[in-house]
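Biologist: Hi, could you walk me through this one? I have a handful of quick questions.

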Amino acid sequence: MKKDSLNPVLQVLQILVLAIGLAGVFIRLGESQAKIEYNHSELTELKEIARDLVGSQLEFAATDARLEERIEGLRIRLDSLESRR
């Protein structure tokens, strides 16, 4: 009789352990999903920063090229002025 009265208690305990195990799995999945979403947002921000840096670098390169052309033009004008003397 004692063995029969333990069976329902053991079944309830098994269900509780299974429920706790499943809850742990879902919690871990939720944590993993949250980490993935956080990393995704960080990578998106990093991509935007890198794009802005590349754009700035291209602008500076273009500005440098224009300045170099202007300086060269000024040098040519100065040389022509000096040669007239």
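Modeller: Happy to, and let me begin with a pair of charged residues: Arg75 and Asp79 both sit in helix 1, four residues apart, which is about one turn of the helix. Keep in mind that this is a predicted model.

Biologist: What do the side chains of Arg75 and Asp79 do there?

Modeller: The two side chains meet in a salt bridge, at 2.7 Å from N to O. Side chains of opposite charge can pair when their charged atoms come close.

Biologist: And which residue forms a salt bridge with Arg75 at 2.5 Å?

Modeller: That partner is Glu72, with 2.5 Å between the closest N and O atoms. Glu72 and Arg75 are both in helix 1 and three residues apart, again about one turn of the helix.

Biologist: Which residues do the shared partners join into one network?

Modeller: Glu72, Arg75 and Asp79 are joined into one network by salt bridges that share partners. The count of salt bridges comes to two.

Biologist: How exposed is Arg75?

Modeller: Arg75 has a relative accessible area of 42%, so it is classed as partly exposed. Glu72 is partly exposed as well, with 35%, and Asp79 is partly exposed with a value of 35%.

Biologist: Changing topic, what does the secondary structure of the protein chain come to?

Modeller: The protein chain has one helix and zero strands. Helix 1 covers residues 2–84.

Biologist: Why is the chain described as more spread out than a compact globule?

Modeller: Its radius of gyration is 37 Å, whereas the globule rule gives 12 Å for 85 residues; the value is well over the rule, so the chain is more spread out than a compact globule. Along the principal axes, the C-alpha trace spans about 125 × 10 × 5 Å.

Biologist: What share of the residues counts as buried?

Modeller: Of the 85 residues, 0% count as buried. For that label a residue would need under 20% relative accessible area.

Biologist: And how much accessible surface does the protein chain have?

Modeller: It comes to about 8400 Å², and 64% of that belongs to carbon and sulfur atoms.

Biologist: Nice. Which residues form the nonpolar patch on the surface?

Modeller: Leu6, Val9, Leu10, Val12, Leu13, Leu16 and Ile20 make up that patch, and together they have about 650 Å² of accessible area.

Biologist: Could you tell me a bit about Leu6 and Leu16?

Modeller: Sure. Leu6 lies in helix 1 and is partly exposed, with a relative accessible area of 46%. Leu16 is found in helix 1 too, and its relative accessible area of 45% makes it partly exposed.

Biologist: Back to charges: how many positive and negative side chains does the chain have?

Modeller: There are 12 positive and 14 negative side chains, and the centres of the two sets lie 3 Å apart.

Biologist: Which residues form the negative surface patch?

Modeller: Glu42, Glu45, Glu48 and Asp52 form it. Asp52 has its place in helix 1.

Biologist: How far apart are the C-alpha atoms of Asp52 and Leu16?

Modeller: They are separated by 54 Å, with the two residues 36 apart along the chain. That links a member of the negative patch with a member of the nonpolar one.

Biologist: Do you have other distances like that for me to check?

Modeller: Yes, here are two. Val54 and Ile15 are 39 residues apart in sequence and 58 Å apart in space, C-alpha to C-alpha. For Ala50 and Thr63, 13 residues apart in sequence, the C-alpha to C-alpha distance is 20 Å.

Biologist: Where do Val54 and Ala50 lie?

Modeller: Val54 lies in helix 1, and so does Ala50. Val54 is partly exposed with a relative accessible area of 45%, while Ala50 is partly exposed with 36%.

Biologist: Great, that covers my list. Thanks!

Notes. Residues numbered from 1 in each chain as written. Predicted model: local features only at pLDDT ≥ 70, side-chain atom pairs only at ≥ 80, totals over all residues. Heavy atoms only, no water. Patch = residues over 30% accessible without salt bridge, like charges linked within 9 Å, V, L, I, M, F, W, Y side chains within 5 Å. Areas by Shrake-Rupley, 256 points an atom, 1.4 Å probe, with all protein chains shown as cover. Salt bridge = Lys/Arg side-chain N within 4 Å of Asp/Glu carboxyl O. Lys, Arg positive; Asp, Glu negative; His and termini not counted. Charge placed at Lys NZ, Arg CZ, Asp CG, Glu CD. Helix = DSSP H or I, 4+ residues; strand = E, 2+ residues; numbered from the N terminus. Buried < 20%, exposed > 50% of the residue type's maximum accessible area, 1.4 Å probe, protein only. Rg over C-alpha atoms; globule rule 2.2 N^0.38 Å.
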